Amino acid sequence: MSSSSLPDPWVRPAAAVPSGVAGTGGLVDRHGRVATDLRVSLTDRCNLRCTYCMPPEGLDWLPKVEVLTDEEIVRLVRIGVEELGIREVRFTGGEPLLRPGLVGIVAATTALRPRPEVSLTTNSIGLARVAPALAAAGLDRINCSLDTVDPVRFKQLTHRDRLDDVLAGLAAAQAAGLTPVKVNAVLMRGMNEDDAVPLLDFCLEHGYQLRFIEQMPLDAHHAWTRGQMVTAEDILERLSAAHTLTPDTEDRGSAPAERWLVDGGPATVGVIASVTRSFCGACDRTRLTADGQIRNCLFAREESDLRTAMRAGATDAELADRWRIATLAKLPGHGIDDPSFLQPSRPMSAIGG
Ligand code: SAM
Ligand code: SF4
């Protein structure tokens, strides 16, 4: 496919930096929220085709020349940490394990001061091989995505017969000390909604921490509908049929998952109700795409182009200013329930989930 078959334009560019607003300090928006958690997409490519994320035929991948180099990524992360108050960095994608320089990028990030917490979201294919190197590079936490433990259904959901690789990756992460291994699951009606309990049982058995994520309108083919979504309430009802859930009263802070103790604890299960109980008011995130665009929200329709500025010779201070200005314009909420809501043209895999 050529990139011209994508919706055009993917995004509207954010306004240029107005003169006289150069600043210092962190990433504060007009609603008083402060972004301290940076999500970095390392690639838009992936070796799975999860139904809620990517079409079976794949997407138009970003041209290589537009993708940030390892050095460019580390520079922007350093500016985030040193100049803008970023305290947590999560690498994601696409599939971040497809990025050859991943371990070096993680090591360079954990060497920054003040040292940020560094984590990774991955589909776990190839993790069995690289988990020890990631742990040695200082990775603090890992989230592995897994929507079913049934091999036939895994293949239906992802269009790839790779469940064994994923399970080996989870075990390797645990063996490498990347604990607690967190598992992310998305349920789709008529597909894998009855996997809720088997997934929880599997995670309880292996000591993994399971979190369900409500499906969001970020699929490439814009097929999401609210009516078809498996809600947090549906998920809790299913889990409660097999386990006793009691609310975990520990302060949630800005963490998106609401947690429940399973059968009295200490094991917990989380539900990220991004759609039905949105947590935008406590959002502390900012995002960098693999092609060097700052997004102040998953659902943003505007981006700020740091790549072009960086390649044109912008200084650290100028890049930091662009990032601050991009943050100021962050909307108060995702607006999914608003009749005027428009799904962003970039799918989740190209934004970085
Ligand atoms: N490839 C890696 C993975 O799957 O973990 C990292 C990128 S993926 C986009 C990050 C997370 O976003 C995964 O846990 C995935 O299940 C979730 N995700 C993708 N599309 C989603 C959607 N439409 N709604 C909710 N979560 C979604
Ligand atoms: Fe790939 Fe992750 Fe999207 Fe699945 S959710 S297609 S693993 S990027």
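## Close-up views of a predicted model

**View 1. Strand 5 and strand 6 sit side by side.** Strand 5 (residues 88–92) and strand 6 run parallel, with 4 bridges joining them. Keep in mind throughout that this is a predicted model. If you want one pair to look for, try Arg90, whose bridge partner in strand 6 is Ser119. How does the chain get from one strand to the other? Strand 5, helix 2 (residues 102–110) and strand 6 together make a β-α-β unit, and that unit is right-handed.

**View 2. Strand 6 also pairs with strand 7.** Now look at strand 7 (residues 141–145): strand 6 is joined to it by 4 bridges, and these two run parallel. Here the pair to find is Leu120 and Ile142, with Ile142 being the one in strand 7. To cross over from strand 6 to strand 7, the chain passes through helix 3 (residues 127–136), making a β-α-β crossover that is right-handed.

**View 3. How covered is strand 6, and what surrounds Val118?** Strand 6 spans residues 117–122, and 5 of these 6 residues are buried. Let's zoom in on Val118, which lies in this strand. Is Val118 buried or exposed? Its relative accessibility is 0%, and because buried means under 20%, Val118 counts as buried. Leaving out residues up to four places away in sequence, Val118 touches Val89, Phe91, Val106, Thr109, Thr110, Leu139, Asp140 and Arg141. For a sense of distance, find Asp305 as well: it is 187 residues away from Val118 along the chain, and the C-alpha atoms of the two are separated by 24 Å.

**View 4. Ligand 1 in its surroundings.** How many residues surround ligand 1? There are 17, and the closest are Tyr52, Gly94, Glu95, Ser145 and Met216. Next, pick out some polar atoms. In the side chain of Tyr52, an N or O atom is 3.0 Å from an oxygen atom of ligand 1. Thr122 takes part with its backbone instead: one of its polar backbone atoms is 3.3 Å from a ligand 1 oxygen atom. Asn184 uses its side chain, placing a polar atom 3.3 Å from an oxygen atom of ligand 1. On its own, ligand 1 has 540 Å² of accessible area, and the protein covers 96% of that.

**View 5. Helix 6 and the elements it packs against.** Which residues of helix 6 (residues 196–206) are buried? They are Ala196, Val197, Leu199, Leu200, Phe202 and Cys203. Follow these buried residues outward and you meet their packing partners. Three are elements you may already be tracing along the chain: helix 5 (163–175), strand 8 (182–185) and strand 9 (209–213) are among them. The list also includes helix 7 (232–240), strand 11 (258–262) and strand 12 (268–272). Just after helix 6 comes Gly207, which has a positive phi near 75°.

**View 6. Two cis peptide bonds, each leading into a proline.** Most peptide bonds are trans, so these two spots are worth a pause. The bond from Arg113 to Pro114 is cis, and its omega is near -5°. Where is Pro114? Look in the loop between helix 2 and strand 6. The other cis bond runs from Thr179 to Pro180, with omega near -5°. You'll find Pro180 in the loop that lies between helix 5 and strand 8.

**View 7. Positive phi in Ser124 and Asp263.** Most residues other than glycine have a negative phi. Ser124 is not a glycine, yet its phi is positive, near 80°. Ser124 sits in the loop between strand 6 and helix 3, and it counts as buried because its relative accessibility is 0%. Asp263 is another non-glycine with a positive phi, of about 50°. Its loop is the one between strand 11 and strand 12. With 43% relative accessibility, Asp263 counts as partly exposed.

**View 8. Arg295 and its polar contact.** Arg295 is found in strand 14 (residues 293–295). Its relative accessibility is 0%, so Arg295 counts as buried. What does its side chain meet? It makes a polar contact, at 2.5 Å, with the side chain of Glu303.

Notes. Residues are numbered from 1 along each chain as its sequence is written. Chains are lettered from A and ligands numbered from 1 in the order in which they are written. This is a predicted model: local features need pLDDT of at least 70, side-chain atom pairs count only at pLDDT 80 or more; totals for chains, interfaces and linings use all residues. Side-chain values use heavy atoms; hydrogens and water are left out. Buried means under 20% relative accessible area, exposed over 50%, partly exposed in between (1.4 Å probe, protein chains only). Two strands pair if DSSP finds at least two bridges between them. A crossover is right-handed if, with the strands pointing away from the viewer, the path from the first strand over the helix to the second runs clockwise. Contact means heavy atoms within 4.5 Å. A residue is near a molecule or strand if one of its heavy atoms lies within 4 Å of it. A polar contact is a pair of N or O atoms within 3.5 Å; within protein, one must be able to donate a hydrogen and the other to accept it, and residues adjacent in sequence count only if both atoms are side-chain atoms. Accessible areas come from the Shrake-Rupley method with a 1.4 Å probe; for residues, only the protein chains shown count as cover.
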